[in-house]
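Thanks for passing this one along; here are my notes, written to be read beside the structure. Please keep the viewer open as you go through the points.

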Amino acid sequence: KIFLILLSAMLFIACDDTGTFKRNAVGNPYEVLVVCTQEFWDSPAGRALEGVLDTDIPGLPQSERSFRISRVDPSAFNSNMFRIMRNIIKVDIQNIYTQPKFKFARDVYAHPQMVMTLQAPDEESLTEYINNNQQSIIDFFTKAEMNREIENLRERHNPEVSRLAEEILDVDIWVPWELNKFKTGKDFLWASTNVGKK
C-alpha cells in the first residue's frame, strides 16, 4: 500500500535540467491562466489582454480562438492547483518600472511550463504595450506548445509510419503513435486511427 502511494506521487513529479524535482504541469494545449485581479481584468488593459488571447487562429475554415483563457486572483495563485498550469501570464504593475515589457521563465513551478510576466509602471502604458505586441504574445505561447508537441513526438511516435514515410516519400516525419492504421501505394502514404469505423 505504501509502495502504491509512493508510485502515485512519483507520477506527478518531473526532474528539470538542474536535477530539481518538479510536479508535472497540467492543463490542455493552448490553455492559458492569467493571474490578475478582477479590477485589472475589467480595465482597458485587461480587455486588451483578453482580446489578444481570444483572437481566432488564422487559416481555419471556421472560427476557433487561439487560446482557452482562465483567470485567478493573485491571492489565490499560491494554491498548487493553479501554480502547476502549463501556461501562465502574470500581471505586475508597479511604479518601479520605467517602461512596459514582458519577461518569461521556464518550469518555475512545474514541468513543462512557461510563465510570462507583463511588467509596466501603469495600466495605460501596459494597454498600449499589449496592443502593440499582440502577435509576439500569441507567438510566444504558440511556439511553447509546438515545442512541447515536438518533445512528445520525439518520445512517443509511430516508428513504422516514420519508416514508411522515409522509404516511400524520402521524408523524415514523426506522427502520433495512435496513427497505427495505414495504406501505402506509389508515392502515397495514408495514416489514420480508424476511429469511428465499425
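The numbered points below go through the cores, one helix, a surface patch and the salt bridges.

1. A word on the source before anything else: this is a predicted model. Please read each point below with that in mind.

2. I would start with the largest nonpolar core, which has 24 residues. Val34, Leu49, Leu53, Ile89, Leu118 and Ile130 are the members with the most contacts inside this core. Two or more residues each come from strand 3 (31-35), helix 2 (38-41), helix 3 (44-53), strand 8 (114-120), helix 5 (123-132) and helix 6 (134-155). Another core, of seven residues, lies apart from this one, and Leu33, Phe77, Met85 and Ile88 are among its members.

3. Val34 deserves a look of its own. Which residues does Val34 contact, leaving aside neighbours within four places in sequence? They are Trp41, Leu49, Leu53, Ile69, Ser70, Arg71, Val72 and Ile89. Leu49, Leu53 and Ile89 were named above, with Val34, among the residues with the most contacts inside the largest core.

4. Next, helix 6. This helix has 22 residues, and the distance from its first C-alpha to its last is 33 Å, close to the 32 Å expected at 1.5 Å a residue. Its buried residues are Ile137, Ile138, Phe140, Phe141, Ala144, Glu145, Arg148 and Leu153. The cover over these buried residues includes strand 3, helix 3, strand 5 (87-93), strand 6 (101-106), strand 8 and helix 5.

5. Two charged residues appear in that buried list, Glu145 and Arg148, and I would point them out to any reader. Their side chains form a salt bridge, with N to O at 3.1 Å. Both residues belong to helix 6 and sit three residues apart, about one turn of the helix. Glu145 counts as buried because its relative accessibility is 4%. Arg148 has a relative accessible area of 8%, so it is buried as well.

6. Helix 6 holds another salt bridge, between Arg154 and Glu151, whose closest N and O atoms are 3.1 Å apart. These two are about one helical turn from each other, because they are three residues apart in helix 6. Are these partners buried, partly exposed or exposed? Arg154 is partly exposed, with a relative accessible area of 41%, and Glu151 is partly exposed too, at 40% relative accessibility.

7. A salt bridge in helix 7 (159-169) joins Arg163 to Glu160, with the closest N and O atoms 2.6 Å apart. Because Arg163 and Glu160 are three residues apart in helix 7, about one helical turn separates them. Arg163 counts as partly exposed at 39% relative accessibility, and so does Glu160 at 31%. Back at the buried pair, salt bridges with shared partners link Arg86, Glu145 and Arg148 into one network. How many salt bridges does a search of the whole structure find? The search finds nine.

8. Finally, the surface. Leu169, Val171 and Ile173 make a nonpolar surface patch of about 210 Å². Val171 is found in the loop between helix 7 and strand 9 (181-185). With 36% relative accessibility, Val171 counts as partly exposed.

Terms used
Residues numbered from 1 in each chain as written. Predicted model: local features only at pLDDT ≥ 70, side-chain atom pairs only at ≥ 80, totals over all residues. Heavy atoms only, no water. Core = buried A, V, L, I, M, F, W, Y, C linked by side-chain atoms within 4.5 Å. Buried < 20%, exposed > 50% of the residue type's maximum accessible area, 1.4 Å probe, protein only. Helix = DSSP H or I, 4+ residues; strand = E, 2+ residues; numbered from the N terminus. Contact = heavy atoms within 4.5 Å. Expected span 1.5 Å × (residues − 1). Patch = residues over 30% accessible without salt bridge, like charges linked within 9 Å, V, L, I, M, F, W, Y side chains within 5 Å. Areas by Shrake-Rupley, 256 points an atom, 1.4 Å probe, with all protein chains shown as cover. Salt bridge = Lys/Arg side-chain N within 4 Å of Asp/Glu carboxyl O.
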